[in-house]
Amino acid sequence: MKPTLVLVGRPNVGKSTLFNRLTKTRDAIVADLPGLTRDRHYGHGKVGSKPYLVVDTGGFEPLAKDGIFHEMARQTEQAIAEADAVVFVVDGRVGITAQDKEIANKLRKLERPVLVAVNKAEGMKHTVVAADFYELGLGEPFPVSATHGDGVRDLVEMALADFPEPDEDDAKDETPRVAIVGRPNVGKSTLINALMGEERVIAFDMPGTTRDAIFVDFERNGRKYTLIDTAGLRRRGKVFEAVEKFSVVKTLQSIEDANVVVLVLDADQDISDQDAHIAGFVVESGRSLVVAVNKWDSLDAYRRERIKVDLEHKLKFLSFATFHYISALKGLGLEKLFTSVDRAYAAAMAKLPTPKLTRVLLDAVARQAPPRHGGIFRPKLRYAHQGGSNPPLIVIHGNALDSLPESYRRYLEHTFREVFKLQGTPLRVQFNTSHNPFATKEVRKIGNPRDTFYKNREKKS
Ligand SMILES: Nc1nc2c(ncn2[C@@H]2O[C@H](COP(=O)(O)OP(=O)(O)OP(=O)(O)O)[C@@H](O)[C@H]2O)c(=O)[nH]1
Ligand SMILES: Nc1nc2c(ncn2[C@@H]2O[C@H](COP(=O)(O)OP(=O)(O)OP(=O)(O)O)[C@@H](O)[C@H]2O)c(=O)[nH]1
């Protein structure tokens, strides 16, 4: 399961700037889908080969009561309770404040790593700027500069030091891992019960710590699946029960762990921002998606039409996914739902051979040539290969690909999707241009030359 870093600190110390830096690389490869709801408080990042999730508590609505921790929303408390490591951001220019001390008192009681990031430390003597913050009693402070990036990599490496490298064997396991997610009360538990019947009980007796998801194997029509059960998790983990019913961190983690996500919506309610945010996480994570519009049994014809319009309007960025109208309570529509789960899994794992990809690419170019850059030269698309699965990543090689407009990338994506029948999975198309061998930025769209630098350095050593 991906470790989750939670950023805390008083206002204005630079949490959102640090958040942006921690999630930057990943951001660059997420296509801008029309209408995609992105939540700037939750994001993905990667350092070396270790992926992580980041939560910025800075934007959570403060509840005006006494004391800093009362002022922070319950969501902050919940995020801290669920974090794998907490990054406590302080301001190196201002120095230690009374609020910092209060936060530190609270954090010292946590049974998990807390790292003190002394921000805005660019151009300052590191030993001097850090010294002040030893007093917080949270170990060695890390001077960083969120705006310049200094020290940020070391900070993350330290935060993730105790977490193992992602398990390669995991990916080879051919049982589809399915996560059922959605906001409270949409019918997730009812759906899980309908799918698993009595087996459900087993979930509660499984050993494991609170941060482990519960993986439950089940069979349907002779096929095996592993269900990632966050509902069971929430019930077991007393700490979450006390705070919020909906667990953002667990939802994010189970999406990350899944191959296919079933997003459950309540047809009896309007589509909410929370629905759209969860859908946004799924798109960002690149996981396959099937949408289950539940409680269809309780709607009359008028409401059914209305909800369809609402879905079309608010979740249009999910056009790659299949929508099913089901009743978990009555067990209706579940067969078709699972046909789509199978299809979405197959699409996520599809093997796309280089010769065929290249043929499809060249055919697409022949049908519609890319526009000339500045009316002068035409980008040249040479060949394509598959760079990854779940989601499928198609890497296109050629010259001057930087100048291809977004609309052309979409055209290619659409073509690949049609030809390879990639229903249910997001698809990523990346350009690898070689028009300037001396440019530092070799790989377009996976941004950040610094990362390329580190990767190359790692390879050499
Ligand atoms: N010099 C310097 N300024 C920084 C650095 N990081 C952030 N800042 C500045 O500090 C101010 C606050 O940054 P934010 O990232 O908005 O701070 P925050 O902690 O998210 O603030 P809240 O949203 O109020 O909680 C901005 O003016 C930033 O430009 C840094 O590394 N060096
Ligand atoms: N009419 C109708 N009601 C349903 C259906 N599925 C679930 N419900 C009802 O919706 C309510 C919530 O269902 P749950 O399965 O507990 O929802 P959940 O998403 O697991 O909720 P949380 O545990 O709060 O996250 C219950 O009263 C269910 O009986 C359905 O298909 N039709």
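Between which two elements does the loop that holds N185 lie? Keep that question in mind while you open the structure, which is a predicted model, and begin with the whole chain before selecting anything smaller.

**The whole chain**

Colour the chain by secondary structure, and you should be able to find 18 helices and 15 strands. The chain has 461 residues, of which 40% count as buried. Among the contacts with a separation of 6 or more, 73% are between residues 24 or more positions apart.

**Strand β7 and the loop after it**

Select residues 177–181, which make up strand β7, and notice that five of its five residues are buried. On one side of β7 you will find R177, A179 and V181, and on the other V178 and I180, with both faces covered. Now add residues 260–266, which form strand β10 and run parallel to β7, joined to it by four bridges. Within this pair, V181 of β7 stands opposite L263 of β10.

From here you can settle the opening question, since N185 lies in the loop between β7 and α8. The phi angle of N185 is near 75 degrees, which is a positive value in a residue other than glycine. N185 counts as partly exposed because it has 13 C-beta neighbours inside 10 Å, and a residue needs 20 or more to be called buried.

**The two ligands**

Move on to ligand 2, which is surrounded by 17 residues, the closest being G187, K188, S189, T190 and L329. Helix α8, residues 188–196, supplies the largest share of this shell with three residues. If you colour the shell around ligand 2 by residue type, it divides into five nonpolar, eight polar and four charged residues.

Next select ligand 1, where P11, G14, K15, S16 and G58 come nearest among the 15 residues around it. Here it is helix α1, residues 15–27, that gives the most to the shell, with three residues. By type, the shell around ligand 1 consists of three nonpolar, nine polar and three charged residues.

**Strand β4 and the nonpolar core**

Select V86, which has its place in strand β4, residues 85–91. Is V86 buried or exposed? V86 counts as buried, because it has 25 C-beta neighbours inside 10 Å. Leaving aside neighbours within four places in sequence, V86 is in contact with V6, V8, I80, L107, L110, R112 and V114. P113 is also worth selecting, as its C-alpha atom lies 6.3 Å from that of V86 although the two residues are 27 apart in sequence.

One of the contacts of V86 is R112, which lies in the loop between α4 (98–108) and β5 (114–119). R112 is partly exposed, with 15 other C-beta atoms within 10 Å. Besides V86, R112 touches A83, D84 and A85, when residues up to four places away in sequence are not counted.

Now show the largest nonpolar core, which has 109 residues, and pick out V87, F88, A117 and L263, which touch the most other members. With residues up to four places away in sequence left out, F88 touches V8, G9, I103, L107, V114, L115, V116, A117 and L138. In soluble globular proteins, nonpolar side chains tend to be buried together.

**A covered helix**

Select residues 248–257, which form helix α12, and see that 10 of its 10 residues are buried. Among them are V248 and L252, as well as K250, E256 and D257.

**The three-stranded sheet**

Finish with the open sheet whose three strands stand in the order β13-β14-β15, with mixed pairing. Strands β13 (380–388) and β15 (428–433) are at the edges and have a single partner strand each, so one side of each is left without a neighbour in the sheet. On average, neighbouring strands of this sheet are turned by 25 degrees against each other, direction ignored.

Strand β14, residues 393–399, runs antiparallel to β13 and is joined to it by seven bridges; A384, for instance, has I396 in β14 as its bridge partner. In the loop between β13 and β14 you will find P391, which is joined to N390 by a cis peptide bond with an omega of about 10 degrees. Lying across β13 and β14 is helix α16, residues 354–367, which runs at about 140 degrees to β13.

As a last stop, select A400, which is found in the loop between β14 and α17 (406–420). A400 has a positive phi of about 55 degrees although it is not a glycine, and with 19 other C-beta atoms within 10 Å it is partly exposed.

Terms used:
Residues are numbered from 1 along each chain as its sequence is written. Chains are lettered from A and ligands numbered from 1 in the order in which they are written. This is a predicted model: local features need pLDDT of at least 70, side-chain atom pairs count only at pLDDT 80 or more; totals for chains, interfaces and linings use all residues. A residue is buried if 20 or more other C-beta atoms lie within 10 Å of its own, exposed if 12 or fewer, and partly exposed in between; C-beta atoms are placed from the backbone. Two residues are in contact if their C-beta atoms, placed from the backbone, lie within 7 Å. A residue is near a molecule or strand if its C-beta atom, placed from the backbone, lies within 6 Å of it. Ala, Val, Leu, Ile, Met, Phe, Trp, Tyr, Cys and Pro count as nonpolar, Asp, Glu, Lys and Arg as charged, and the others, Gly among them, as polar. Two strands pair if DSSP finds at least two bridges between them. Axes are lines fitted to C-alpha atoms, for helices over the stretch in contact, and angles run from 0 to 180 degrees between N-to-C directions. A nonpolar core is a set of buried Ala, Val, Leu, Ile, Met, Phe, Trp, Tyr and Cys residues joined through C-beta atoms within 7 Å.
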